[in-house]
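Colleague: I would like a close look at a single part of this protein, and I would be glad if you took it residue by residue.

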Amino acid sequence: MAIIQKTLDEIKAYIQTNPHVPDESRNEALQALAKLACKEVVDNTSFHSVVGFDPHDKPVFWDMTKGNLLAVNKVGKAIDSLGCTMVLVSLILRFSKKQVQYYLFTYDAPPSYLRENEHCTGSVSAIYDKNYNRYGELFAQIFDELKYRKTLSEEELARLPFLVIVFGNFTRYILEADERFSEFYSMLLQEGTSLRVACMIATTRFENEPFYHRYPNSFPCRLVGNVFPATASELLLSVTDQIGNENPPTKKMFFQANKTQTLVQTHHIALGVALNCPILNG
């Protein structure tokens, strides 16, 4: 496996020429991009996405074949709209469209680069997309894909792209509104692992997040930032004084998987801002 140089150059040029990016965010985004080209990422040939980097700048991976990811932060930390940026960029740098594809369902708009990338099979934002039929159309499309995948052998399934479904503060608007898709939610969250599908829930409203509270065992991986102490106690193995503090390290979160907990710098805000063009989203 190798970094796709053309994609790396394209993302770098996008960041460098985006007129809407503050210099501080641009510099941090370019540094994060350079980290994603490190040997540990290049040598990782599995469907592992990068959630961030530990205090020694080593990449920390979410193994998408083992279960879904819940990312939680308080309002103002942009986890809902930008939290998927590092995860998806680390994938499109290493895998072709035939290998990995993703869907984006968000309340606020995700970075325009991610919406327009060829790996993005579908995207809808509650704020910017006014065609509400589009939500149901994409849900039905994914549901049909899941049902189709259930009919395939392991060999046939292995030839299909790995799918990543991202929800950012979106599910609270639709989960209860349309029970036609209750079976879809159950299949996505409980059977997705066996169908080469992974789900990422990014929320600033954990207490009202229906996917997690209905299917808590479907989220073995957690990315937790500045949250209420009770939330931290529920989601993490151990809680430090950095959790729930009013003035925590602004770009640090804790990643938990396989009974281990790691402090990571996600770069999701700087990278997400640098890969967004407000004019395109407006």
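What follows is my request and one connected answer to it. Please concentrate on helix H7 (residues 133–150): which aromatic rings and charged side chains does helix H7 bring together with other parts of the chain?

Modeller: This is a predicted model, and every value below was computed from it.

I begin with the aromatic side chains. By the ring-centre rule, the count for the structure comes to 15 aromatic pairs. In one of them, the ring centres of Phe105 and Phe139 lie 4.8 Å apart with the planes at 85°, and because planes over 60 degrees apart count as edge-to-face, the pair is given that name. Phe139 belongs to helix H7, while Phe105 belongs to strand E4 (residues 100–106), so this contact links distant parts of the chain, 34 residues apart. Both partners are out of the solvent by the accessibility criterion, Phe105 being buried and Phe139 likewise.

A second pair involving the helix is made by Phe143 and Phe184, whose ring centres are 5.8 Å apart and whose planes meet at 55°, so that this pair is classed as tilted. Since Phe143 lies in helix H7 and Phe184 in helix H10 (residues 182–191), the pair ties together parts of the chain that are 41 residues apart in sequence. Here too both members are buried, Phe143 as well as Phe184.

These two pairs belong to a wider group, for Phe105, Phe139, Phe143 and Phe184 are joined by Tyr103, Phe167, Tyr185 and Phe211 in one aromatic cluster. Phe143 has a further neighbour in Lys147, which lies over the face of the Phe143 ring at 4.2 Å from the ring centre. An arrangement of the same kind is found with Lys74, whose charged end sits over the ring of Phe228, 4.6 Å from its centre.

I turn now to the charged side chains. The structure holds six salt bridges, and the one between Glu145 and Arg149 joins two side chains of helix H7, with an N to O distance of 2.7 Å. Being four residues apart in helix H7, Glu145 and Arg149 are separated by about one helical turn. The two partners differ in their exposure: Glu145, at 22% relative accessibility, counts as partly exposed, whereas Arg149, with a relative accessible area of 2%, is buried, the cut-off for that class being under 20%.

Another salt bridge reaches out of the helix, for the side chains of Glu191 and Lys150 meet at 3.0 Å, N to O. Glu191 is in helix H10 and Lys150 in helix H7, and this pair again links distant parts of the chain, 41 residues apart. Glu191 counts as partly exposed at 28% relative accessibility, and Lys150, at 45%, is likewise classed as partly exposed.

Taken together, helix H7 is connected to helix H10 both through the tilted rings of Phe143 and Phe184 and through the salt bridge between Lys150 and Glu191. The ring pair is made by buried residues, while the salt bridge has a partly exposed residue at either end, Glu191 and Lys150. Towards strand E4, the link described here is the edge-to-face pair of Phe139 with Phe105.

Methods: Residues are numbered from 1 along each chain as its sequence is written. This is a predicted model: local features need pLDDT of at least 70, side-chain atom pairs count only at pLDDT 80 or more; totals for chains, interfaces and linings use all residues. Side-chain values use heavy atoms; hydrogens and water are left out. Rings of Phe, Tyr and Trp (its six-membered ring) pair if their centres lie within 6.5 Å; planes under 30 degrees apart count as stacked, over 60 as edge-to-face and the rest as tilted. Buried means under 20% relative accessible area, exposed over 50%, partly exposed in between (1.4 Å probe, protein chains only). A charge sits over a ring if NZ of Lys or CZ of Arg is within 6 Å of the ring centre and within 35 degrees of the ring normal. A salt bridge is a side-chain nitrogen of Lys or Arg within 4 Å of a carboxyl oxygen of Asp or Glu.
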